[in-house]
Amino acid sequence: MRAVIDGPLPEIAQRFSRFLAADWPHQALIVFTRECTGRPRKVAGDPAIVDRVTIDELDAIKEEVSSGDVLSTSAVVGGEVRPIHTVRDATDTLLVIIAKPVRSVPTAPAPAAGELLRAWFAIVATSIRQQVAQASPDYLAESRAASSERARTIAQLTQSHEDSLTSILGALRARDLDDRTARARAAETASAALIALRTVGDADRRLATEELGVAFERLQAELTPVVEQLHADVEYVGPAGRGRTLPGEIAHAARAIVRAAVVAFGSPRGVSRMRVAWECVTNDLVVDVRDQGPGELDGDALVRQLTGRLRTLGGELDVETVPGWGCRVSARIPLEVSSERPAEDVLSTLNPRELEVLGHLALGRRNKSIATELGVSESTVKFHVTAILQKLQVSNRGEAGLLAARAGIAAE
């Protein structure tokens, strides 16, 4: 299990699939969690299945299984009815194991086997939640790349289909057409298709974003046990207005920054009062955390801890400590990804193999995983990564990955 949870989050399903292969033979495996912005489905196995599975299919499966249960049944996965084993963890994370097609409904596992599977998946689900909450630079880079690609794809798809369907409606509504019944039915079909298309876009945005006020309320809930442990009085100043949404990776990063600041303020010498505020200023989210304490915070250590997250998202961090007065941490995170692409001359300095490795960095993959994918040694990958960082003039893998995502470079 250590090998399963110790590695890049996007590949956790692949590691879990290998772990389960002997005891739970399967064609494919899917972990579905709304915790993960950008890619709520972690998949492994047959591409003919995992590339076609939809959110609606997974939601339907989730409705059939109670929290904590292990269910063996058949369900529509990837457009076809398949035999599955499924577990719904207490974190609301779903595991779907697509069994090998021996019979329409797989044999229910022995109680001990089901209990063990439930326990294994609980560890995986908890690990996913913790990695998302920590919002590491690698996770943020991968999540932002996924969100950016999704936004571009949906915008293009929506516009293309809207144009086509609007043209169809215009033609069908023309007065020179005689078959009124056919026109009415075609118009109804096209209208329904437009509504369905927009609904797909809305559903996808709900997965990839968080409403600003809801994101701040979630922060308060997550901070409650921390604040109780510190015995501090915290004033929360939420964002004005409702309706505005945050990209999910920004919401996760903002909460992680606040948690780190609050813990730092309370240790080693506690404080009695803190103030946590979020505010949207033009196209930026401004996070402000301050205390009324002795002002003895190790500001340099906190900057080192938080800079990676802010740099990955193109944000800025300011830490102030005033002895006898208190401390303040302020972060400014842009809400929109810059549409600018890296200069062509910078990317042209990379050779084909380095560009291939860069595509894997955009997905947050580690050296060992990249080496396996490319069929080379881990030391060779390390050599390429070092060269990439030097040529792109960046200081870490997260920055290189974000640069690649903005340039539209990503491994398949």
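Which residues in α14 are buried? In this predicted model, the buried positions of α14 are V381, H384, V385, A387, I388, L389 and L392. A second topic is aromatic pairing, for which the count comes to five pairs. One of these is formed by F16 and F19, whose ring centres lie 6.2 Å apart with planes at 20°, so the pair is stacked.

**Helix α14**
- Helix α14 covers residues 378–392, a run of 15 residues.
- From first C-alpha to last, α14 reaches 21 Å, close to the 21 Å expected at 1.5 Å a residue.
- Q393, just after α14, takes a positive phi of about 60°.

**F16 and F19 in helix α2**
- Both F16 and F19 belong to helix α2 (residues 12–20), where they are three residues apart, about one turn of the helix.
- An α-helix has 3.6 residues a turn, so residues three or four places apart point the same way.
- F16 is buried, with a relative accessible area of 0%, whereas F19 is partly exposed at 29%.

**The link from α2 to α5**
- The ring centres of F19 and W120 are 4.9 Å apart and their planes stand at 85°; because planes over 60 degrees apart count as edge-to-face, this pair is edge-to-face.
- The F19 and W120 pair links distant parts of the chain, with F19 in helix α2 and W120 in helix α5 (residues 111–134), 101 residues apart.
- W120 has a relative accessibility of 15% and therefore counts as buried, the cut-off being under 20%.
- One aromatic cluster is formed by F16, F19, W120 and F121.

Definitions and conventions: Residues are numbered from 1 along each chain as its sequence is written. This is a predicted model: local features need pLDDT of at least 70, side-chain atom pairs count only at pLDDT 80 or more; totals for chains, interfaces and linings use all residues. Side-chain values use heavy atoms; hydrogens and water are left out. Helices (H or I, at least four residues) and strands (E, at least two) are DSSP runs, numbered from the N terminus. The expected span of a helix is 1.5 Å times one less than its number of residues. Buried means under 20% relative accessible area, exposed over 50%, partly exposed in between (1.4 Å probe, protein chains only). Rings of Phe, Tyr and Trp (its six-membered ring) pair if their centres lie within 6.5 Å; planes under 30 degrees apart count as stacked, over 60 as edge-to-face and the rest as tilted.
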